[in-house]
Amino acid sequence: MSSPAFSSLPLSAALLSNLESLGYTQMTPIQAQSLPVMLKGMDLIAQAKTGSGKTAAFAIALLEPLNPRWFGCQALVLCPTRELADQVAKEIRRLARGADNIKVLTLCGGVSFGPQVASLEHGAHIIVGTPGRVQEHLRKGTLKIDGLRNLVLDEADRMLDMGFYDSITEIIDQAPGKRQTLLFSATYPAAIKQLAARFMRDPQQVRAEALH
Ligand code: ADP
Ligand code: MG
């Protein structure tokens, strides 16, 4: 059984052509299940194992409604590690290619604040970062998320295993109540259920096993 094509989704021509140039024609199972829900603006909990195409799924959902003319943070993706944040930022940039100058900035620990603050002053549409560093920027006032539209918790189970629960809740408390929250995880333990119950609005739940 083959998965549906990306062209069956209500996506802009620019995004569809980028997907095609990356060789993404058919959706993976988790993309096919999650994208129709996310593109409607609903909250989502998606559970699928590593390598199932979760990054492109939420990247498409963030890019489609983005307003390129406003250089404030419209989407925030929280990841457990700097390596994952770099990979996610790279995939979002690949998918955004050619689309009016969309700026994706990573904010992770282990590097100095100065250059991050300078980049933030120039504005960024999408921030990808680790919870500790994002929390620090919010505390310093160098990052504002009051115009945030989409919040993604990527590898949420790993972030909680690493002790980021309090950072994540402090970050979410500063985000507008009217936002879309997307939670991606390989597993669905009680701590994730608790986080979802506290911060998500009628989340739809989807789950996929294997690629294609
Ligand atoms: P996950 O976050 O679920 O672990 P990734 O988002 O890293 O998985 O994706 C795994 C791989 O699948 C990446 O190399 C990505 O480029 C590729 N990929 C994602 N979506 C598609 C698609 N629709 N068609 C082909 N390859 C895809
Ligand atoms: Mg991933």
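Start by selecting N18, which sits in helix α1 (residues 13-21). In this predicted model, N18 counts as buried, because it has 21 C-beta neighbours inside 10 Å and the threshold for burial is 20 or more. Now add R94 to the selection. The two residues are 76 positions apart along the chain, yet their C-alpha atoms are separated by 7.9 Å.

Next, zoom out to the whole protein. Nine helices and seven strands should be visible in a cartoon view. The radius of gyration is 16 Å, close to the 17 Å that the globule rule gives for 212 residues, so the protein is as compact as a globular protein of that length. Along the principal axes, the C-alpha atoms fill a box of roughly 50 × 40 × 30 Å. Of the 212 residues, 44% count as buried. Among contacts with a separation of 6 or more, 74% come from residues 24 or more positions apart.

Now show the strands alone. The seven strands make an open sheet with parallel pairing, in the order β3-β4-β2-β5-β6-β1-β7. Color β3 (104-107) and β7 (204-208) to mark the edges: each has a single partner strand, so one side of each is left without a neighbour in the sheet. On average, neighbouring strands in this sheet are turned by 15° against each other, direction ignored.

Select β4 (residues 126-129) together with β2 (residues 75-78). The two run parallel and are joined by four bridges. Within this pair, L76 stands opposite I127, and L78 stands opposite G129. Then swap β2 for β3, which pairs with β4 in the parallel sense, also over four bridges. Here T106 stands opposite V128 of β4.

Keep β4 on screen and show its side chains. In a regular strand the side chains alternate between the two faces of the sheet. Which residues of β4 are buried on each side? I126 and V128 lie on one side, I127 and G129 on the other; all are buried, and both faces of the strand are covered.

Move on to helix α6 (residues 131-140). Its buried residues are P131, R133, V134, Q135 and H137. Select these together with their surroundings: the buried residues of α6 pack against β2, β3 and β4, as well as α7 (156-161) and α8 (165-174). Just after α6 comes G141, which takes a positive phi of about 85°.

Two more helices are worth viewing against the sheet. Helix α2 (residues 29-39) lies across β1 (44-48), β6 (180-185) and β7, and runs at about 165° to β7. Helix α3 lies across β1, β2, β4, β5 (150-153) and β6; its angle to β6 is about 175°.

Finish at ligand 1, with α3 still selected. Which helix gives the most to the shell around ligand 1? Helix α3 (residues 54-63) does, with three residues. The shell holds 13 residues, and the closest are Y24, T50, G53, K54 and T55. By class, four residues of the shell are nonpolar, eight are polar and one is charged.

Conventions:
Residues are numbered from 1 along each chain as its sequence is written. Chains are lettered from A and ligands numbered from 1 in the order in which they are written. This is a predicted model: local features need pLDDT of at least 70, side-chain atom pairs count only at pLDDT 80 or more; totals for chains, interfaces and linings use all residues. A residue is near a molecule or strand if its C-beta atom, placed from the backbone, lies within 6 Å of it. Ala, Val, Leu, Ile, Met, Phe, Trp, Tyr, Cys and Pro count as nonpolar, Asp, Glu, Lys and Arg as charged, and the others, Gly among them, as polar. Two strands pair if DSSP finds at least two bridges between them. Axes are lines fitted to C-alpha atoms, for helices over the stretch in contact, and angles run from 0 to 180 degrees between N-to-C directions. Two residues are in contact if their C-beta atoms, placed from the backbone, lie within 7 Å. The radius of gyration is taken over C-alpha atoms; the globule rule is 2.2 Å times the number of residues to the power 0.38. A residue is buried if 20 or more other C-beta atoms lie within 10 Å of its own, exposed if 12 or fewer, and partly exposed in between; C-beta atoms are placed from the backbone.
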